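Me: I am new to this one. Show it to me, and let me ask how each label is earned.

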Amino acid sequence: MTDTQSLFSLDVDFAPGAIYPERPKLLIVDDQPVNIQVLYQVFSASCEVFMATSGQQALDVCRQKDPDLILLDVVMPDMDGIEVCRKLKSEPETRDVPVIFVTSQDSPEEETLGLEVSAVDFITKPVNPAVVKARVKTHLMLKIQADALRQLASVDGLTGISNRRIFDERLQVEWRACRRTDKPLSVIMIDVDHFKKYNDHYGHLEGDACLKMVADALKGHEWRGRDVVSRYGGEEFVCLMPETSLEPALAKAEAIRSRVYDLAMPHAMSGNADRVTISVGVACTTPKTNESKELLSAADEQLYKAKEGGRNRVEGASL
Ligand SMILES: Nc1nc2c(ncn2[C@@H]2O[C@H](COP(=O)(O)OP(=O)(O)OP(=O)(O)O)[C@@H](O)[C@H]2O)c(=O)[nH]1
């Protein structure tokens, strides 16, 4: 039996490669490298292990590597584990990563404090390999289940792309990131033209099929890793493009518009084309304030302008 199998063998449902697509990512944080070494020996065969020797380094690694679980030392100079955990739980990017405290003082006060900052478990030093493996396995399984539920809750049932909740969350995250790095952030807002008439003429089921086609056309584009494409509601879609200035966002919007046009879905009642068309509003800004709503309002204004200008067109502006 390999180490990988032995780690997870307590539960047949938990086979890396089956439910879990890749090796779980584990972050071990301790200011004493020798303690890291002990845990590394336990997990290196079964997990992708990252290490940090200070609180700040732990926060940095966590943002970069997106671990599935963190084993966090409580007593560290500069920033202790409690503070690290508090910071992790306050940021949307890291708040769902389970934290297990590894501590030499198992006082009820410390345990209470740890639970108050939302740690999922405590392990006492010196660690017992069998105990730490079992606890890590339990919390990784819970994380997988929670991820699956979050995934379900993030998808629009009709089109299979992400829903508005995810868009709103990502907008907050990317707004802050672009503000930190002084980079532009663009939003593309898309609305199907005369869709009420489409529904009225072809029926609601055909209307649904049309929305799916539009969503597929959006998905079919080449997007960068941090871009988000969501159904914003009804017949409205929205795309978020971090680190993208107005020009490339306008080019993307135009490519989307022409792709939907080229689908040539008949729309006998449209009035301004023989087919389904979309109107598109684009807005771009380099975030300076806390207020991300102004970017959405600006994209919405541009969309309105595109509708007013005759539909089946793209309008855009920088803030
Ligand atoms: N089939 C279907 N229709 C939907 C769905 N969500 C919203 N709609 C319909 O989309 C239509 C939107 O109509 P309006 O907001 O009046 O806009 P429009 O007819 O597209 O007109 P313009 O935007 O001015 O071009 C409404 O008739 C909604 O019932 C959906 O999930 N499926």
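Reply: Start with R275. Leaving out residues up to four places away in sequence, R275 touches Y261, A264, M265, P266 and H267. Some ground rules come with that. The model is predicted, so local features need pLDDT of at least 70, side-chain atom pairs count only at pLDDT 80 or more, and totals for chains, interfaces and linings use all residues. Residues are numbered from 1 along each chain as its sequence is written.

Me: What makes two residues count as in contact?

Reply: Their C-beta atoms, placed from the backbone, must lie within 7 Å.

Me: Where is R275, and why is R275 called partly exposed?

Reply: R275 sits in the loop between α10 (246-263) and β9 (278-285). Helices (H or I, at least four residues) and strands (E, at least two) are DSSP runs, numbered from the N terminus. Now the count: R275 has 16 other C-beta atoms within 10 Å. A residue is buried with 20 or more, exposed with 12 or fewer, and partly exposed in between, with C-beta atoms placed from the backbone. So R275 is partly exposed. R275 also lies 65 Å from P33, C-alpha to C-alpha, and 242 residues apart in sequence.

Me: How do you know whether D73 is buried or exposed?

Reply: D73 has 25 other C-beta atoms within 10 Å, so D73 is buried. D73 belongs to strand β3. Contacts of D73, setting aside neighbours within four places in sequence, are V29, D30, D31, N35, G81 and V102.

Me: What does UniProt list for D73?

Reply: The unreviewed UniProt entry lists D73 for "modified residue: 4-aspartylphosphate". UniProt positions are given in the numbering used here, feature names are shortened, and annotations may be inferred rather than shown by experiment.

Me: Which strands form the open sheet, and in what order?

Reply: The order is β2-β1-β3-β4-β5, and the pairing is parallel. β2 (48-52) and β5 (121-124) are the edges because each has a single partner strand, which leaves one side of each without a neighbour in the sheet. From one strand to the next, the twist averages 20°.

Me: What makes β1 and β2 a pair?

Reply: Pairing needs at least two bridges found by DSSP. Strand β1 (residues 25-29) and β2 have 5, in the parallel sense. In one of them, V29 is matched with A52 of β2.

Me: Which helices lie across β1, β2 and β3?

Reply: Helix α2 (residues 33-43) does, at about 160° to β1. Helix α3 (residues 55-65) does too, at about 170° to β1. Such angles run from 0 to 180 degrees between N-to-C directions, and axes are lines fitted to C-alpha atoms, for helices over the stretch in contact.

Me: Why is β8 called mostly covered?

Reply: Strand β8 (residues 236-242) has 7 residues, and 6 of them are buried.

Me: Which strands pair with β8?

Reply: Strand β6 (residues 185-192) pairs with β8 in the antiparallel sense over 7 bridges. There, L185 has P242 as its bridge partner. Strand β7 (residues 228-233) also pairs with β8 in the antiparallel sense, over 5 bridges. R231 is matched with F237 of β8. β7 and β8 form a hairpin with 2 residues between them, and G234 in the turn has a positive phi of about 50°.

Me: Which residues come nearest the ligand?

Reply: D193, F195, K196, G207 and G234 do, of 16 around the ligand. A residue is near when its C-beta atom, placed from the backbone, lies within 6 Å.
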